[in-house]
Amino acid sequence: MSATNRRVAVRAVRPQVDGGRYPAKRSVGELIDVEADVFADSHDAVLATVCWRPKGARRWSEAPMEHLGNDRHRGVFTLDEPGRYEYRVTGWIDRFGTWQRDTLTKLEAGVATGVDLAIGAELLDDHRAKGDDRAEVARIRDQLVDERLELPARAEPALSDAATELVARIDPRPHATASDRFELRVDRARARYSTWYELFPRSASPDPDRHGTLDDVIARLPYVADLGFDVLYLPPIHPIGRSHRKGRNNSVVAEPDDLGSPWAIGGQEGGHEAIHPDLGTIDDLRRLVAACGEHGLELALDIAFQCSPDHPWVTEHPEWFRARPDGTIQYAENPPKKYQDIYPLDFETADPEGLWNALKGVFERWIDEGVRIFRVDNPHTKAFPFWEWCLDELTRDHPDLIFLSESFTRPAVMEELARIGFNQSYTYFAWRDEKWELERYYAELFLTDKVDFLRPNSWPNTPDILTEYLQRHGRPGFVQKLLLAATLTANYGIYGPTFELMEHVARPGAEEYLDNEKYQQRTWDLDAPHSLAELIARVNAIRHEHPALQQDRSFALHEVDNDALLAYSKRDPVTGDTVLCVVNVDPAWKQGGFTWLDLEALGFEEEDEDPRFEVYDALGDARYVWQGRRNYVELDPHVTPGHIFVVRDLSQLSDPSTREVPV
């Protein structure tokens, strides 16, 4: 019957994903912002706290929640270890706060009495303070009943902010109401912020007549690190099947010296737990993992759960594959395309336990070698229950793992994979070209509840994707896509060296590279004068220097009166670092226009309608003084298609004489 005394309701707790069915995602060091409606009957004030603990622990930690208005409350905390947590919101009647509010009103109206102050003293008697707090409570209480003083003087200590904080801290919280518990998954910081570079190991050889090795990749690490990347991603490094091997440019007939696709996994040398002998040995991989660490990089491996006809599993576990009526195994198809060199796994197999454990074992094989980041190929073609089980099992033992979902499929499917455990997701960024498309897409990702479970990772190109936009628009198009990918999302990547060398010739009739590295070895001139390497390094340096660009939760759109100019900002809630980007999405023509800025999103107070502030273009190393919401911007895509402005309050600049004020 004790619940009958609970007068406080706690509703609409956020974040929560599907009513708590799945955990919300946050990262180490990130402000974890929890909101809820907390209210009671009548006119009594309420207090609330957000409480959290590691899942399975007994003791709760807590932080006070502030009242935002209209019964909405907000509390913030941070966590410094990855893992699984749970949180809830607790609310209770603030009897002393209600008394403070009403007594102050009576005093101001001149109708307060000694009885009113005695009520406050009785409320303080209900609190069990200790140490210094106990002495302070006694002092406040005694003054409330000291009839030698006038009423305002007697009440003054009890109505102070210090008394409010003291009593809230020691409030016994009778009849408190707790919300349901919600799960929180806290990942390490790299899940929130990462910069990926993809390369094919077999093309890392400086000699076009020699197959590249993992040692060649080690030699390439200084180049990748100098570009400012922190994740080096390799396509599958396993043996490649020979049966139905694809030739150059996806030819169905391979020449004897054709290398085949790394995604046709498995041969006589082994399957998913083996390394292609032309790439090296397990000792070479261990040295690569260590060398990546020495260069400030992490190695990410590709996991593609599919098999070539020569994979050992085909003969050892034929029940894991689907048989056709003629007795042959069903190869992969995406009609009208046929992939005879790949056998998909059958997740309706009669041996699901054996299949699931074998696939989980593939991850464990490479985890044991020190790999902690995996890019997973086409996870949407495997069963959701498998992924939910597998990722849960792996991260329970290794909470530092990161899984990137390569799932260019329907939005609902992409979102489901994020809900059930993938830390990051590829996006439709490569095909979003117009201002309205980009605004609508990133508003959907960042300004809706999707931000609580889906972390986008923007890539302008991949071995499978050479968009028409990059094919047609030359250097301005490549630079524009780089700036957008690197600043719209905290996670982004490029497939190189094709991107920095602006490879743009497609196989006829396809959004795919001609002479694609998926089917052949290539040799690259990394020192080519037209390379974007210097610009990429500068953009990545800006990302590393500015916490605002290392998170997505403060994303805001700003208006510009030109449909070719896109403006958006991010503001780091911890440091206040603020970055405003303006990008010309027209790759052909100079465009200009006036902004209408969301000043609150840039950190200015609501009442400050016309502030003067500096915007420093970190990309172009130029400074301007802007004022208010309306400011002029002009961008020539053949010079630079975008600004990455660092917004600075003029009053905080140490050397005002360095400012440049445009005419």
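How many aromatic pairs does the count come to? In this predicted model, the count comes to 40 aromatic pairs.

One of these pairs joins Y197 and F229. Their ring centres lie 5.2 Å apart, and the planes meet at 55°. The pair is tilted, because an angle that is neither under 30 degrees nor over 60 falls in that class. The two residues belong to distant parts of the chain, 32 residues apart. Y197 sits in strand β11, residues 194-198. F229 sits in the loop between α7 (214-226) and β12 (231-234). Y197 is buried, with a relative accessible area of 0%. F229 is buried as well, at 3%, since the limit for a buried residue is under 20%.

F386 and W389 form another tilted pair, with ring centres 6.3 Å apart and planes at 45°. Here the partners share helix α11, residues 384-397. They are 3 residues apart, so about one helical turn separates them. F386 is buried, with a relative accessible area of 0%. W389 is partly exposed, at 26%, because this value lies between the 20% and 50% limits.

F386 and W389 also belong to a cluster linked by ring pairs. The other members of the cluster are F305, F347, W356, F363, F374, W387, F403 and F422.

Charged side chains lie over two further rings. K481 is placed over the face of F429, 5.0 Å from the ring centre. R630 is placed over the face of F594, at 3.8 Å from the ring centre.

The largest pocket has a volume of about 1,200 Å³. Its lining comprises 35 residues, and N334, K337, Y339, N378 and D464 are the closest to its centre. Strands β15 (332-334), β16 (337-339) and β17 (343-344) each give two or more residues to this lining. The largest share, 3 residues, comes from β15. By class, the lining of the largest pocket holds 15 nonpolar, 8 polar and 12 charged residues.

The second largest pocket has a volume of about 890 Å³. It is lined by 31 residues. D33, R74, R553, S554 and P573 lie nearest its centre. β3 (32-40) and β6 (66-69) each supply at least two residues of this lining. The lining of the second largest pocket divides into 13 nonpolar, 5 polar and 13 charged residues.

Note on methods: Residues numbered from 1 in each chain as written. Predicted model: local features only at pLDDT ≥ 70, side-chain atom pairs only at ≥ 80, totals over all residues. Heavy atoms only, no water. 1 Å grid on protein atoms, 1.4 Å probe; cavity = no way out; pocket = protein on both sides within 12 Å on 5 of 7 lines; lining within 4 Å. Points joined across faces, edges and corners; volume = space filled by probe spheres on them. Helix = DSSP H or I, 4+ residues; strand = E, 2+ residues; numbered from the N terminus. Nonpolar A, V, L, I, M, F, W, Y, C, P; charged D, E, K, R; others polar. Phe/Tyr/Trp six-rings, centres within 6.5 Å; stacked < 30°, edge-to-face > 60°. Buried < 20%, exposed > 50% of the residue type's maximum accessible area, 1.4 Å probe, protein only. Lys NZ or Arg CZ within 6 Å of the ring centre and 35° of its normal.
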